[in-house]
Amino acid sequence: MTLINHVKELRAKHGYTQGDLAEKVGATRQTIAAIEKGNYVPSLLLGLTICDVFQLKMEDVFTLQKEEKNVE
């Protein structure tokens with residue numbers, strides 16, 4: 001499974017830079033960049049804090065994408 005997130009889109013919609021969001025959630029700008037690129041899966045606490053900043057439910061920010069199995 002892969003964790004899909006909408007952090008980049010939400011951050012842009014709210015007019016935050018990566019640094020702004022990082023400051024609001026107590027992370028580094030590099031952590032926010034890694035989350036946006038899908039290179040880092042945030043802890044539950046960080047994920048919930050990001051959701052709180054955007055005032056959204058977890059499933060509105062983060063979703064699981066199931067891997068499709070090739071059946072041949």
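Angles between axes under 35 degrees count here as roughly parallel, those over 145 as roughly antiparallel, those of 65 to 115 as roughly perpendicular, and the rest as oblique. The structure is a predicted model, in which local features need pLDDT of at least 70 and side-chain atom pairs count only at pLDDT 80 or more, while totals for chains, interfaces and linings use all residues. Residues are numbered from 1 along each chain as its sequence is written, and side-chain values use heavy atoms, with hydrogens and water left out.

The overall layout is a good place to begin. The chain has 5 helices and 2 strands (DSSP runs numbered from the N terminus, H or I of at least four residues for helices and E of at least two for strands). Read from the N terminus, these elements follow the order β-α-α-α-α-α-β. The C-alpha trace spans about 50 × 25 × 20 Å along its principal axes. Of the 72 residues, 31% count as buried, where buried means under 20% relative accessible area, exposed over 50%, and partly exposed in between, with a 1.4 Å probe and protein chains only. Contacts, defined as heavy atoms within 4.5 Å, often link distant parts of the sequence: among those between residues at least 6 apart, 56% join residues at least 24 apart.

An unreviewed UniProt entry annotates residues 7-61 as "domain: HTH cro/C1-type"; its positions are given in the numbering used here, feature names are shortened, and annotations may be inferred rather than shown by experiment. Over residues 7-61 the chain is 71% helix and 0% strand, and the C-alpha atoms at the two ends are 7 Å apart.

Helix 2 can be followed through its two crossings. Its axis and that of helix 4 come within 9 Å and cross at roughly 110°, axes being lines fitted to C-alpha atoms, for helices over the stretch in contact, with angles running from 0 to 180 degrees between N-to-C directions. Helix 2 and helix 4 are therefore roughly perpendicular to each other. Their crossing is right-handed, meaning that the near helix is turned clockwise from the far one by less than a right angle, whereas an anticlockwise turn would be left-handed. At this crossing, Leu21, Lys24 and Val25 of helix 2 meet Leu46, Thr49, Ile50, Val53 and Phe54 of helix 4. With helix 3, the axis of helix 2 comes within 8 Å and crosses at roughly 105°, so helix 2 and helix 3 are likewise roughly perpendicular. Here Gln18, Gly19, Leu21, Ala22 and Val25 in helix 2 meet Arg29, Ile32, Ala33 and Glu36 in helix 3.

The largest nonpolar core has 14 residues, of which Val7, Leu21, Val25, Ile50, Val61 and Phe62 touch the most other members; such a core is a set of buried Ala, Val, Leu, Ile, Met, Phe, Trp, Tyr and Cys residues joined through side-chain atoms within 4.5 Å. Helix 1, helix 2 (18-25), helix 3 (29-37) and helix 4 (44-54) each give two or more residues to this core, and helix 4 gives the most, with 5. Beyond four places in sequence, leucine 21 touches Val7, Arg11, Tyr16, Ile32, Val53 and Phe54. Valine 61, in helix 5 (residues 58-61), is buried with a relative accessible area of 0%. Among its contacts more than four places away in sequence are Ile4, Val7, Leu10, Ile50 and Leu56.

Helix 3 contributes a buried run of Ile32, Ala33, Ala34, Ile35 and Glu36. The buried residues of helix 3 pack against strand 1 (2-5), helix 1, helix 2, helix 4 and strand 2 (62-65). Just after helix 3, glycine 38 takes a positive phi of about 80°.

Helix 1 (residues 7-13) holds arginine 11, which is buried at a relative accessible area of 12%. Apart from neighbours within four places in sequence, arginine 11 is in contact with Tyr16, Thr17, Gln18, Leu21, Glu36 and Phe54. Alanine 12 also lies in helix 1 but is exposed, with a relative accessible area of 56%.

One backbone detail rounds off the description. Most residues other than glycine have a negative phi. Glutamine 55, although not a glycine, has a positive phi of about 55°. Glutamine 55 sits in the loop between helix 4 and helix 5 and counts as exposed, at 72% relative accessibility.
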